[in-house]
Amino acid sequence: MNNIQHKFLVSADIRRWLKKYRPKIHKTEQFYTVSNVKETCSYHKHFPDTYTKTMIDDHANKEVVSVSKEAYASQRKNHLGRIIVKTSYTVMTDGSTFVVEKYLKKLEGLYIVIAHFQDEKAFRNSETIREIQPFVLKEINQDDKYSDHSLALYVKPMEYNVQKFFEKLDAFESPNLFFWQVPQRVYVRDGVSLVLYRNIRLINYYKMNFQKKHFSATLHRLRVLLRRTATLLEIFPDLYTPNVQHFSIELFQRYYKETTLLRYLYFLDELSATRENVKLTLYTELKSLITQEEEAVIQMLLSQPFRQMLNIVTREIGLQENPKYLSLQQEVQKVVRERLGRFEMLLAKTKEGYDDEVLEALYVFMDSLQTLIEDFFHIIGEKESRMLVEELNLLFKPLREYRNCKERAAILNDIKAKSETKTLDIDPLLCEHEEVLKDRIAHALKLLRSSRFYV
């Protein structure tokens, strides 16, 4: 009795080995149907006209029953994923059984050998194993992406070493990581994890730089990375542990908001240098506030929750427990299409009127959409991404500036209310073109409502 099984991914050249034998040939078609969490249900057609139903429970207990041709055809209409068609060639030699599975149709080119042995000693001493070794690409005993269930529900298996990609990321000097692009042919979990890892490295880099030199450009890049990382976790909600994800998103967004005041103070300080009518009292007030806020931000960056958050996300990236072997390219394009559809719905609602709350919702949505396009532009398509960004910027640019005007006014009024100088003149730093921006937003909304977005 053959009790030990070994499974190998082999090249198409295995056909040369098969020519030495007269194998028993068996063709099957199988598909999976909707089942509950405790069992998996599949149907099989054994050519020419035998039909079975297989049930496997969560303890790996297997039950096979015969079904009619009509029942099989009825279930086939509602199959999940792809229908697997394969030809199996069974060879019995040296007291062991070798099954070469040649996959057809959408899995064409995939060959797997399943070898059955009496025991491990028989496997080690097998002359046949040595014969097929030149055709073996890898042993796949524990590789779930080659199970029939995964082959039916997910993409055709991709072969790469994700650890090598992480090592290549580590080889980059931190400032150059902005130019790194995630590989196209990887599974979505691996691809998103690589982008997250890139972001974490850059956050650590700009965090250290800001602690040494308090530059507005460094703070800006740090804040962009905090927002983009939170957005990435939100866009792909099923890839990571829910508790870790919610905790990280909440903290990334919190730290992004807590650095907003300093970002505006830097901007207002730089703006003061260009305005001759800015009073010395306001300039001095801004300098004093910047010093205070820099200390608060540095304490935030040094805080235990901030360090823990980065460590937790980094550890989560390294845990490869996600069983869904989905293509990064397909999933990114799917997410972009879904979000563009939602964006069209948001635009349509503005036809009936809109206020600042609606504009804020549009801004937040467009901001996350831009992040997605920027991180994966080469996967979406460089030409398609450029056209999308150009069209989105018709609204996004004036909307961002309008939003900045509102926030700037709120901050300046707050500074004036808390200042000991009751006559503090903030007017020179307030926006002077808010009405122009409103007109540009209205015009952009009208143009975009008539657009349809495709990728």
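Let's start with two neighbouring strands, E3 and E4: they pair in the antiparallel sense over eight bridges. This is a predicted model, so treat everything below as a description of that prediction. Within the E3 and E4 pair, glutamate 39 has aspartate 57 in E4 as its bridge partner. The two strands form a hairpin, with three residues between them.

E4 also pairs with E5, again in the antiparallel sense, this time over five bridges. Here threonine 52 stands opposite serine 66 in E5. E4 and E5 make a hairpin with four residues between them, and alanine 60 in the turn has a positive phi of about 70°.

**The whole sheet**

Now zoom out. Nine strands form an open sheet, and if you walk across it you meet them in the order E5-E4-E3-E2-E6-E7-E8-E1-E9, with antiparallel pairing. Strand E5 (62-66) and strand E9 (136-139) stand at the edges with a single partner strand each, so one side of each has no neighbour in the sheet. From one strand to the next, the twist averages 30°. As a bit of background, strands of a sheet pair through backbone hydrogen bonds, either parallel or antiparallel.

Further along, strand E7 (residues 96-103) and strand E8 (residues 111-117) run antiparallel and are joined by six bridges. In that pair, threonine 97 has histidine 116 in E8 as its bridge partner. A helix packs on the sheet too: H2 (residues 69-76) touches strand E2 (24-33), strand E3 (39-46), strand E4 (50-57) and strand E6 (80-93). The direction of H2 makes about 55° with that of E2.

**Pockets and a cavity**

Here are the spaces in the model, side by side.

| Space | Volume | Top contributor to the lining |
|---|---|---|
| Largest pocket | about 990 Å³ | H8, ten residues |
| Second largest pocket | about 860 Å³ | E2, five residues |
| Largest cavity | about 40 Å³ | H9, three residues |

Which residues sit closest to the centre of the largest pocket? Of the 34 that line it, they are Arg227, Tyr256, Tyr363, Asp367 and Arg403. Several helices supply at least two lining residues each, among them helix H8 (216-235), helix H13 (328-349) and helix H14 (356-375). By class, the lining of this largest pocket divides into eleven nonpolar, nine polar and 14 charged residues.

The second largest pocket takes us back to the strands we began with. E2, E3, E4, E5, E6, E7 and helix H5 (148-153) each supply at least two residues of its lining. There are 29 lining residues, and Tyr32, His44, Ile56, Lys62 and Asp148 lie nearest the centre. This lining divides into eight nonpolar, 13 polar and eight charged residues.

A search of the whole structure also finds one cavity of 30 Å³ or more. Its lining is made of Leu233, Tyr240, Val244, Gln245, Ser248, Val313 and Glu316. Helix H9 (242-258) and helix H12 (304-318) each supply at least two of these residues. Four of the lining residues are nonpolar, two are polar and one is charged.

**One disulfide**

Finally, the structure holds one disulfide. It joins cysteine 405 and cysteine 431, whose sulfur atoms are 2.0 Å apart. The link is left-handed, with -95° about the S-S bond. Cysteine 405 lies in helix H16 (residues 382-418), while cysteine 431 is in the loop between H16 and helix H17 (434-449), so the pair ties together parts that are 26 residues apart in sequence.

Methods: Residues are numbered from 1 along each chain as its sequence is written. This is a predicted model: local features need pLDDT of at least 70, side-chain atom pairs count only at pLDDT 80 or more; totals for chains, interfaces and linings use all residues. Side-chain values use heavy atoms; hydrogens and water are left out. Two strands pair if DSSP finds at least two bridges between them. Axes are lines fitted to C-alpha atoms, for helices over the stretch in contact, and angles run from 0 to 180 degrees between N-to-C directions. Contact means heavy atoms within 4.5 Å. On a 1 Å grid over the protein atoms alone, a cavity is a set of points where a 1.4 Å probe fits but cannot get out, and a pocket is an open set with protein on both sides within 12 Å along at least five of seven lines; lining residues have an atom within 4 Å of a point. Grid points are joined across faces, edges and corners, and a volume is the space filled by probe spheres set on the points. Ala, Val, Leu, Ile, Met, Phe, Trp, Tyr, Cys and Pro count as nonpolar, Asp, Glu, Lys and Arg as charged, and the others, Gly among them, as polar. A disulfide is a pair of cysteine sulfur atoms within 2.5 Å.
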